[in-house]
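Open the model in your viewer and keep the selection tool at hand. The tour goes from one stop to the next.

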Amino acid sequence: MPENDPQHATAEAHTPTWSGPLPLRGGRALPGCLWLAPLTNLQSPDQGRLSDTERDWLLSRADGGLQVIETCAAYVHPDGQAWPGQLGVATAEQCSALRPLVEGLAARGAAGLVQLFHGGARADRALTGQPTWSLSRFEEASKGFVPPEAATEERLLAVISEQATAAARVEAVGFAGVELHAAHGYLLGQALSTVSNTRDDQWGGSLENRARLLRESVRAVRAATGPGFILGVRLSPEDMGQAKGLDLDESLQVAAWLAEDGVDFLHLSLWDCAKNTAKRPDQHPIPLFRAAVGEQVALVAAGAIWTAEDVDRAFALGADAVAVGKAAIGHQDWAAQLERGETPSRPPFTAEHLKQNSVSEVFINYLSKFRGFVAAG
Ligand SMILES: Cc1cc2nc3c(=O)[nH]c(=O)nc-3n(C[C@H](O)[C@H](O)[C@H](O)COP(=O)(O)O)c2cc1C
């Protein structure tokens, strides 16, 4: 029996602990349940090759006790780049440049996951020099938005194999796995959405068709990588910000399909883990997604996790792991502070405080866009 055959693989119901490990289906595992969330940081300006600054930022969070480190969204093709200084995994050279990160994580007992990304309509034409494309042309009221071109089927098939190639390359470099970024309204999220995907061929229309790009990407990544390689998907369960045209029940169905397709984990981008769903205000998303995916798929929850109580609440609701963004930006030793029973301070943080926490000037400037995070002056 192939070890990664989703029909046969098993994973026992898991009781998360702060010190891990996190068992996954098919005998795979990660070293822990406290993760660094994927965080765009603009710190790799040399043609998407991992810079020492970005490496050190990620390693500092492993030093601080996080056991699984996700990279920022990393583009799988140059026409998918959405930010200046964004990490790329589109070429063999970009993937090889990640080796010092993998080695540093291994030396710290942490595991690395690369978040595979294509911006679709949200790629930046000024950076890529290419027209933007998505599943279909759509309009958006946001400032500077240019409607994307509708992709040919050939381009959709190509982006599936670009993700698979990137996954195989980062596996060869030594990463534990990848996460496909289907949250927040980028290419894979645009495919799932009824607003941005109005195609009438096999890639649009019914939910089955809108989920095709994501599911085929999952299958292609599995086929291109070995049985020990970990594969997860990040989803936005409902409309939030740029993620539009989503419905909770459709997202639950997509989650159930992804479980059938053999993903190891589903990462729920919730923005606030304390909140119930918009569609069913008396229900929290974590138990709903647990029911959808069963026990075989690990559930990772992200959004406003700050204190030990926040972590324990997410675990009690059924999450197997939590991914932390802003708290880990503000405190390079966030996990260690929690272990010591401390309560990490909250924003706004001064630029000086952030620098002392291994956050570079470039990243601090980017963080200034997030209201209330960086102290004025
Ligand atoms: C500066 C910044 C960059 C982010 N970049 C990404 C990204 O590259 N990919 C992604 O899926 N989410 C990204 N997010 C969302 C975070 O992963 C996380 O889900 C969100 O910040 C909520 O968690 P938190 O309250 O712990 O920060 C980003 C968030 C911030 C604040």
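Select Leu252, Ala255, Ala256 and Ala259 in H9, then add Leu288, Phe289, Ala292 and Val293 in H10: these are the residues through which the two helices meet. By class, this contact between H9 and H10 has 8 nonpolar residues, no polar ones and no charged ones. The model on your screen is a predicted one.

Now show helix H10 in full, residues 285–293, together with H9. Their axes come within 8 Å and cross at roughly 40°. Angles under 35 degrees count as roughly parallel and 65 to 115 as roughly perpendicular; H9 and H10 are therefore oblique to each other. The crossing of H9 and H10 is right-handed.

Keep H9, which covers residues 248–261, and replace H10 with helix H8, residues 212–224. At what angle do H8 and H9 pack? The angle is about 20°, and the axes of H8 and H9 lie 10 Å apart. Since angles under 35 degrees count as roughly parallel, H8 is roughly parallel to H9. The crossing of H8 and H9 is right-handed.

To see where H8 and H9 touch, select Arg215, Val218 and Arg219 in H8. On the H9 side, pick Trp257, Leu258 and Asp261, which they meet. Colour this contact of H8 with H9 by class: there are 3 nonpolar residues, 3 charged residues and no polar ones.

Next, go to the ligand. Which residues come nearest to the ligand? Select Ala37, Thr40, Ala73, Gly325 and Lys326; of the 23 residues around the ligand, these come nearest. Then show strand S4, 68–75, and helix H12, 326–330. S4 and H12 each supply at least two residues of the shell around the ligand. Colour the shell by class to find 14 nonpolar, 7 polar and 2 charged residues.

Finally, clear the selection and show the protein as a whole. How many helices and strands are there in the protein? A cartoon view has 15 helices and 12 strands to display. Turn the C-alpha trace along its principal axes, where it spans about 55 × 45 × 45 Å. For 377 residues, a compact globule would have a radius of gyration near 21 Å, and the 19 Å of this protein agrees with that.

Methods
Residues numbered from 1 in each chain as written. Predicted model: local features only at pLDDT ≥ 70, side-chain atom pairs only at ≥ 80, totals over all residues. Axes fitted to C-alpha atoms, helices over the stretch in contact; angles between N-to-C directions. Helix = DSSP H or I, 4+ residues; strand = E, 2+ residues; numbered from the N terminus. Parallel < 35°, antiparallel > 145°, perpendicular 65-115°, else oblique. Left-handed = near helix turned anticlockwise from the far one by under 90°. Contact = placed C-beta atoms within 7 Å. Nonpolar A, V, L, I, M, F, W, Y, C, P; charged D, E, K, R; others polar. Near = placed C-beta within 6 Å. Rg over C-alpha atoms; globule rule 2.2 N^0.38 Å.
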